[in-house]
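Trainee: I keep meeting words like "buried" and "exposed" and never know what earns a residue the label. Could we go through one model and check the labels against their cut-offs?

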Amino acid sequence: MKKILLFFALLVGLNCFAQDNSPKHLLEQGIEEISKNNFSSGISLLKESATLARENKDERTMGKAYTALATAYLKNDNTAEALKNYILALPAFKNTRDNLGVANTSKEIGLLYVKQNRDDLAVQYFTEAIKLGKQLNNEMLTADALTGIGPAYENLHKIDKSLEAYSQALAIYRARGMEIQAGQTLSHMGNAYKKLGDFPQSILNYKEALGYFNSANDRFKVADVLCSLGGVLAMMEDYNESLRLYEQAYLDATSIKYDEVIMNASLGMANAYENLRQYPESVRYHKIHEQKKEAFINAKHSKEIAELKAKASKTKVVTTQIDDNSSSISTAGYDFYLYTFIGVVVLIVLVIVGFVLRRNALKKNKEDNMFSEAEGQERLRMVQNLHNDLDSKLEEINSLSESIVERANGLPSIKSQGEAMQETTRKIEENIRDIVWLLTPKTTTLTNYSGSIKEYVLDYFKDSPVEVLISEPDSISNTVITKESQVGLLSVIKDSLVFVKEDPQVSKVFFGITYTGTRLMVSIKDNGQGIEKSEADKKRLDSHLNSTGGIMRIDCDPGWGSVVKIIIPVEKKPRGKKTVMLNF
């Protein structure tokens, strides 16, 4: 009986899915459903398209599906899901070298980060969009990204950079004859100059924006700019002119039922009348402001309630249809075969529903993992870019300090300060290199970890006359080494290399790695005089390995100076185990 039921369920499933389910076809269907405002079915189709495209390794279609999903979520004001899908789309566009897709997606991510007040990240993505837009010679994309980065710079209190971005965007919009966009950019510039306290320039920008909006007959934006102009003149204490502009904004907004400007303009008029000592009029417009504010809030709440009712009514319709179907079945009689048929159908439905739910859960987990990985890669890229930028700045500081030391003959205090600046810069550079090295996710297997450690040691002595000898096996293992062990081992190696550098007689250092199948062994030897380690230094080295279950040994070999040997287990993951410190 079970075999028959499973066969019947499989037959029903095959009949249900016997249609064109290619990723591109599903993508087209999803976009069509979204255009008809059928968001639920459209989003389901787009998710299915993205999943199939990922399974088929069709990254171009996958990127388009995630972008369409993000657009659909934006229409529903779900910015969190929109951001998630844009970030998932970005690697797909990069892998297919679709620079236009990367630029547009980066711009949209920047806009969403501005809405979330994450302006540092917004600047990173806008910068990439601007760079690619210029490479593609796509002026409109570049201008839109420049306009988007302006508010992010303003929020970061970098007004000069925001004005520079607005000016470049304005030049493009003017050359293209795009009056609305030019007016909006000028309005943004007016806001920026107002924050700088340059009120005359702010007024010039607002007035020029007003001319563009009047020419385009955009009465809503005209009312907005009039209200902004009134605010700047009030800050300049020109209350008569401020009152005139607020009145004009109030009348224009009333005629087009623009409640937000009516509310702001009435408050501006009330303040202007108060400063002009016309208190009855001030009281009157304060009351109007409160009434309009209350009406504005109520209207907003009514809209939200109407949307909730619309969703509830859809649910009710579906429930009613189900109830009607149940009633028609129940009135068909109590025939034994009918009950048997219903039981079989219910069982099949449960099997199919269970299969679909499990499939959706697995798909959701996979998408979440992809999102986390994509976001992690983007953050790592940003950290590495930041490291490169800081590294170049530190090199400039180091060069300046060298120049100071060279010119400080006869001035011992200045020379010592310059040398101290060089030493501090060197330590900062080493610490930044360590941080970026630890953030790199490739150091997870022994093979990769061994290669990364070797690069670290070579990089540490790159500006030193010390000769570095490396010994490592051709291939170690793909066994995973825990991050805890990575950090502990790196800390011991770093401190040991510091001891080597402090020995003035060292001209050669040996670094060896050995793997026995269960343990990773690292040896560090130098040919110096062998500086005796204090008990405090030994305890500090000991503390680095406390949670790894490793052991270490400090000794002197014939023909060498200091020798440090470290052994760490790689198959076990002990925590809290006491480290054994062997001194011979």
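Mentor: Sure. The chain has 20 helices and six strands, and keep in mind that this is a predicted model.

Trainee: What makes a run of residues count as a helix here, and does α7 fit the expected length?

Mentor: A helix needs at least four residues in a DSSP run. Helix α7 covers residues 119-135, which is 17 residues. At 1.5 Å a residue it should span 24 Å, and its end C-alpha atoms are 24 Å apart, so the two agree. Just after α7, Asn137 takes a positive phi of about 60 degrees.

Trainee: Which residues of α7 are buried?

Mentor: Among them are Leu121, Val123, Tyr125, Phe126, Ile130 and Leu132. Asp119 and Glu128 are on that list too. Over the chain, buried residues make up 39% of the 584 residues.

Trainee: Why is Ser266 called buried?

Mentor: Set the value against the cut-off: buried means under 20% relative accessible area. Ser266 has 0%, so it is buried. You'll find Ser266 in helix α14, residues 259-275.

Trainee: What does Ser266 touch, leaving out residues up to four places away in sequence?

Mentor: Ser266 touches Tyr250, Tyr285, Ile288 and His289. Each of those counts as a contact because heavy atoms come within 4.5 Å.

Trainee: And why is Leu357 called exposed?

Mentor: Exposed means over 50%. Leu357 comes in at 54%, so it gets the label. Leu357 is in helix α16, residues 336-406.

Trainee: What makes the surface patch that includes Leu357?

Mentor: Phe341, Val345, Val349, Val353 and Leu357 make a nonpolar patch of about 430 Å². To join such a patch, a residue needs over 30% relative accessible area, and Leu357 has 54%, so that part of the test is met. For the chain, the accessible surface comes to about 33200 Å², of which 55% belongs to carbon and sulfur atoms.

Trainee: How do you know which parts to trust in detail?

Mentor: Check the pLDDT. The chain averages 79, and 75% of the residues score at least 70. Over residues 11-19 it stays under 50, and the model has one contact beyond four places in sequence for them. Residues 572-584 are also below 50, but that stretch has 31 contacts beyond near neighbours in sequence. Where pLDDT is low, the predicted coordinates should not be read in detail.

Methods:
Residues are numbered from 1 along each chain as its sequence is written. This is a predicted model: local features need pLDDT of at least 70, side-chain atom pairs count only at pLDDT 80 or more; totals for chains, interfaces and linings use all residues. Side-chain values use heavy atoms; hydrogens and water are left out. Helices (H or I, at least four residues) and strands (E, at least two) are DSSP runs, numbered from the N terminus. The expected span of a helix is 1.5 Å times one less than its number of residues. Buried means under 20% relative accessible area, exposed over 50%, partly exposed in between (1.4 Å probe, protein chains only). Patches are made of residues with over 30% relative accessible area and no salt bridge: like charges are joined within 9 Å, nonpolar side chains (Val, Leu, Ile, Met, Phe, Trp, Tyr) within 5 Å. Accessible areas come from the Shrake-Rupley method with a 1.4 Å probe; for residues, only the protein chains shown count as cover. A salt bridge is a side-chain nitrogen of Lys or Arg within 4 Å of a carboxyl oxygen of Asp or Glu. pLDDT is the predictor's confidence in each residue, from 0 to 100.
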